[in-house]
Amino acid sequence: MELPQLFAELLGLCKKLALPIRQETMKVPTSRLAGGLVRLKGRPIVIVDDGAPIVDRIAALADVLVAVPLPIVVLSPEAKVALARARLRRRRARRASQKVRRLSRRSCGPRVPRAGTAAGLPDRL
């Protein structure tokens with residue numbers, strides 16, 4: 001399947017899910033950000049950068065689709081691969097943020113027990 005066809009299939013799936021889509025050329029150049037799911041006045045909207053490479057736009061739509069609950073739909077094998085890769089990116093990002101969180105807790109210095117709780121003693125006797 002060609003990349004424009006894959007992009008059109010993912011775009012059609014977003015439309016089936018009744019997600020409003022805005023395709024605009026972003027004024028600020030970015031490195032890998034080609035769009036995503038945002039909330040505008042409390043409503044979810046999919047924004048896609050028309051100026052981004054098609055591979056990045058496909059990745060952005062796949063990221064959006066894994067973030068919302070999907071009904072059972074028939075997808076092409078290429079679309080399934082794009083969604084699987086997006087899930088993997090999401091899982092890796094979650095693990096990395098958890099690792100950073102754990103490391104930041106360790107770097108705060110030794111834990112000092114609160115008064116009365118050291119050695120398992122209750123606050124009040």
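Me: Which residue has a side chain that meets that of arginine 22 in a salt bridge?
Reply: The model is a predicted one, and the N to O distance of this pair comes to 2.8 Å in it. Arginine 22 has a relative accessible area of 37%, so it counts as partly exposed, and its partner, with 38%, is partly exposed as well. Side chains of opposite charge can pair when their charged atoms come close. The residue that meets arginine 22 in the salt bridge is glutamate 24.

Me: How many salt bridges does the structure hold?
Reply: One of them joins the side chains of arginine 22 and glutamate 24. Another joins the side chains of aspartate 63 and arginine 89, again with 2.8 Å from N to O. The number of salt bridges that the structure holds is two.

Me: How many residues apart are aspartate 63 and arginine 89, the pair that links distant parts of the chain?
Reply: The side chains of aspartate 63 and arginine 89 meet in a salt bridge, with the aspartate placed in helix H2 and the arginine in helix H3. Aspartate 63 is partly exposed because its relative accessibility is 32%, and arginine 89, at 38%, is likewise partly exposed. Along the chain, the number of residues by which the two are apart is 26.

Me: Is serine 76 buried or exposed?
Reply: Serine 76 has its place in the loop between helix H2, residues 54–67, and H3. Leaving aside neighbours within four places in sequence, serine 76 is in contact with Met1 and Glu9. Its relative accessibility is 12%, and because the cut-off for this class is under 20%, serine 76 counts as buried.

Me: What is the C-alpha to C-alpha distance between isoleucine 54 and leucine 6?
Reply: Isoleucine 54 lies in helix H2, and if its neighbours within four places in sequence are left aside, it is in contact with Leu3, Pro4 and Phe7. Leucine 6 stands 48 residues away from isoleucine 54 in sequence. In space, C-alpha to C-alpha, the two residues are apart by 9.6 Å.

Me: Which residue, 57 residues from valine 73 along the chain, has its C-alpha atom separated from that of valine 73 by 10.0 Å?
Reply: Valine 73 lies in the loop between H2 and H3, and its relative accessible area of 28% is why it counts as partly exposed. The other residue is found in helix H1, residues 3–16, and is exposed, with a relative accessible area of 68%. That residue also has proline 71 at 9.9 Å, C-alpha to C-alpha, although the two are 55 residues apart in sequence. The residue asked for is lysine 16.

Me: Where is the place of alanine 18, which has a positive phi although it is not a glycine?
Reply: The phi of alanine 18 is about 60°. Alanine 18 has a relative accessibility of 63%, so it counts as exposed. Its place is in the loop between H1 and strand S1.

Me: What is the approximate value of the positive phi of lysine 41?
Reply: Lysine 41 is found in the loop between strand S2, residues 35–40, and strand S3, residues 43–49. With a relative accessible area of 83%, lysine 41 is exposed. Although lysine 41 is not a glycine, its phi is positive, at about 55°.

Me: Which charge, positive or negative, does the surface patch with Arg87 and Arg90 have?
Reply: Arginine 87 lies in helix H3, residues 77–106, and its relative accessible area is 40%, so it is partly exposed. Gathered on the surface with Arg87 and Arg90 are Arg91, Arg92, Arg94 and Arg95. The charge of this patch is positive.

Me: In what order do the elements of the chain run from the N terminus on?
Reply: The secondary structure comes to three helices and three strands. Helix H1 covers residues 3–16, strand S1 covers 21–24, and strands S2 and S3 cover 35–40 and 43–49. Helix H2 spans 54–67 and helix H3 spans 77–106. From the N terminus on, the order is α-β-β-β-α-α.

Me: What percentage of the residues of the chain count as buried?
Reply: The chain exposes about 9500 Å², of which carbon and sulfur atoms supply 57%. Among contacts with a separation of 6 or more, residues 24 or more positions apart account for 58%. Of the 125 residues of the chain, the part that counts as buried is 25%.

Notes:
Residues numbered from 1 in each chain as written. Predicted model: local features only at pLDDT ≥ 70, side-chain atom pairs only at ≥ 80, totals over all residues. Heavy atoms only, no water. Patch = residues over 30% accessible without salt bridge, like charges linked within 9 Å, V, L, I, M, F, W, Y side chains within 5 Å. Areas by Shrake-Rupley, 256 points an atom, 1.4 Å probe, with all protein chains shown as cover. Salt bridge = Lys/Arg side-chain N within 4 Å of Asp/Glu carboxyl O. Lys, Arg positive; Asp, Glu negative; His and termini not counted. Charge placed at Lys NZ, Arg CZ, Asp CG, Glu CD. Helix = DSSP H or I, 4+ residues; strand = E, 2+ residues; numbered from the N terminus. Buried < 20%, exposed > 50% of the residue type's maximum accessible area, 1.4 Å probe, protein only. Contact = heavy atoms within 4.5 Å.
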